[in-house]
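Student: Take me through one part of this model up close, please, and go slowly enough that I can follow it on screen. Keep your cut-offs explicit as you go.

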Amino acid sequence: MSKILWIDDEIEMLRPHCMSLNNRGHEVSTANNAFDALDDLRTHHYDLIFLDENMPGRSGLDVLPDIKVLAPDTPVVMVTKSEEERVMEEAIGSKIAYYLVKPINSAQLLACIKQLIDKRSLVEKTALEKYQTEYRSIQMQMDACRTFADWASLYNMLIHWELELENTDTMSELLLMQKRDANNGFCRFVKKNYSEWIANPKAADVPLMSNRLMVERVLPTLEKGEKVVLIVIDNCRVDQWELIRQMLAPDFNIKSELYCAILPTATQYARNSIFSGLMPADIKKNYPEYWTDEDDESSQNRFEKELIGTFFERYRKTNFQYAYYKVNDSESGDRIVNKFNNYKQNNLNAFVYNFMDMLSHARTENKIVSQLSENAAAYRSITKSWFEHSPLYNMIKLLGDLRYKIMITTDHGNIRVSNAQRIKGERDLNSNLRFKNGRNLAEYKANDVFELDPDKGKLPRISVSAKYVFATNEDFFVYPNDFNTYVDKYNNTFQHGGISMEEMIVPFAILEAK
C-alpha cells in the first residue's frame, strides 16, 4: 500500500479523488495549508506528495524547498490552475516530479501515480513475465550452440536478463542457475575446441582472439589514414561494459562485438598478446627481452609500448607514430586529458586503464571494498559510479569533440568463484587461483579442469614436463596445506585466468561521435 499526502486549501473539493484512491489501495492523508503539511512530514513518511501551487499564506512553490528538506526522496506533484509557462518552468526548476493542471480527471491522476509509484513494480513485473516466457527459448538456444558466435549471442542475452532482473530475488536465482548451466556448456565447448583454434587460426568458425585484435580491427583503420585511440579497460566484463555503453550512447554511435580472450585469461598473457599481435610463446621466442616470467616480481606488462613497436615492424608500418600510456590513478588520467595536444600527431594512441583490475584485487584483500561489492550487481554499481566521475569519461568526450576514431576493449573479464579445488605441484608453481603452470601437478579432478600442453596453447614452457591447468566455471585452486584458511579468504572473490563466459567472452567497440 502506498501512502500519499495531498496538500490543497480546497481539499474538500478533492474528496472524491481521495476516496477513489483509497478504494484502489492507496492511503491518502490530507492537509489544507502548508504549515500543517510540514508538521505532518516531520513525523510521517509518504511515497508521493500532491502540492497545490496557489494556496493562501505560503504557496506551493514557497513551501516546496521545505518539503524537499523533510522528504528529499519523495516525489512531489505540483497541482495548479495556471498554465503559464513561467509557473511550469519554475516548478520544474524546483525539481518537481510531475505537473497536473486543474481540473484534474481520474485518468490523469492514475497515470501520474503509475508513473511515480507503480512504475518500478510494473517494470519488474513485466520483466519477470518476459523472462519466464523467454526461459525455454534460452534453454533451446543453449542446446543449439555450436560456435563461439553462438555462445557469445547466448551470453549477451543472459547479461540482458541479468541487468533487467537484478532487483528481483526469486527470478534472479532461476537466471543464476540458467547461467551456470550455460557456463558448464561453454566450458565443455572451449575444452573441445581451443587447441584446434590455436593450431588452425584461419579455419572456419575460429573466433576473433586477443592476438588478432590489432591486425584485424586496429590496423585496417590506420591504413585508411584515420587516427585511432585504443582504450583498454583492464579486467572488464561484458555486463560492466554494457553500463558504460549506456552512458556513452547519447553522444556516440557505438558498434560493439564480442571476441575471445586467449588462455590464460590473465593480464600478462592476454594484454601482451593484444599489443604484440602474437601468442605468448611467440613473444617469448621472438622478443625474449620483452617477456617476463611469472616469478618475476616486477610488472609483467612493462614492455607493452615496445610490443606495439614490434607489431608495426612486422607489418612494415614503421612510419606510424604511436604512444602508450598506462593510467593507474585519477591524477595520471587527468594529465592525459589536459595534455592531449601532445598526442595529436600520433596515428595510434593506446591507453590502458587499470581501475577495474585494481578494484578486483582490492576486493580480495580489503574487507570494506569486499562489502561494497559483495555481489555482481554491487560490483557493476561501483563500475558505473567510477566511470561516470572518471578522467576516462572526460577523455572519451574530448575525443568525440575532436572526431577521433575511438576503440574500446579489454584483455579479459573475471568471475566470482565459489568452489575450491585442491591442487599441488613443485615449489615454482604460480600463484593465480584460476590457472596453474608447473611440473608434477596433482590432486586436482581431471574432469573439472582443462589440461593444456604449452605447445598446443602456444604458451611459454618452463620445463619439458610442465603443463597448464585451467579452472572452469566457478572453481578456484587451493593448495592442500592450510586449505580451509585459503578457502575462507578467497571464496566469493572475483578472479580471472580460467575458463568461463565471464572471463573469455569480452567486448570490443568502435565509437564515433554523433
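Tutor: Helices and strands here are DSSP runs numbered from the N terminus: H or I over at least four residues for a helix, E over at least two for a strand. This is a predicted model, where local features need pLDDT of at least 70, side-chain atom pairs count only at pLDDT 80 or more, and totals for chains, interfaces and linings use all residues. Numbering starts from 1 along each chain as its sequence is written, and side-chain values use heavy atoms, with hydrogens and water left out.

Let's start at Lys458, in the loop between α18 (454-457) and β15. Its phi sits near 50°, a positive value in a residue other than glycine. At 33% relative accessible area, Lys458 is partly exposed (under 20% is buried, over 50% exposed, partly exposed in between, with a 1.4 Å probe and protein chains only).

Follow the chain on into β15, which spans residues 467-471 and runs antiparallel to β13, with four bridges joining the two strands (strands pair if DSSP finds at least two bridges between them). One place to zoom in is Gly438, whose bridge partner in β15 is Lys467. Now look at β13 itself, residues 435-438: Phe435 and Asn437 point one way, while Lys436 and Gly438 point the other way. That fits the general pattern, since side chains in a regular strand alternate between the two faces of the sheet. Despite facing opposite ways, these four β13 residues are all buried.

Past β15 comes another backbone oddity. Asn473 belongs to the loop between β15 and β16 (475-478), and it has a positive phi of about 55° although it is not a glycine. Unlike partly exposed Lys458, Asn473 counts as buried, because its relative accessible area is 18%.

So what does this region meet from elsewhere in the chain? Look at Ser195, which sits in helix α7 (residues 169-199). Leaving out residues up to four places away in sequence, Ser195 touches Phe450, Leu452 and Lys456 (a contact means heavy atoms within 4.5 Å). The C-alpha atoms of Ser195 and Asp453 are 9.1 Å apart, though 258 residues separate them along the chain. Ser195 has 23% relative accessibility, so it counts as partly exposed.

Now zoom out. Long-range contacts carry a lot here: of the contacts in the protein with a separation of 6 or more, 72% link residues 24 or more positions apart. The protein has 20 helices and 18 strands, and 51% of its 514 residues count as buried. Its C-alpha atoms fill a box of roughly 90 × 55 × 40 Å along the principal axes.

For contrast with the antiparallel β13/β15 pair, go back towards the N terminus. There, five strands make an open sheet with parallel pairing, in the order β2-β1-β3-β4-β5. Its edges are β2 (27-31) and β5 (98-101), each pairing on one side only. Strand β1 (residues 3-7) is joined to β2 by five bridges, and Leu5 stands opposite Ser29 in β2.

Two cis peptide bonds round off the backbone tour. One runs from Lys102 to Pro103, with omega near 0°, and Pro103 lies in the loop between β5 and α5 (106-144). Another links Leu263 to Pro264, with omega near -5°; Pro264 is in the loop between β7 (252-260) and α10 (267-276).
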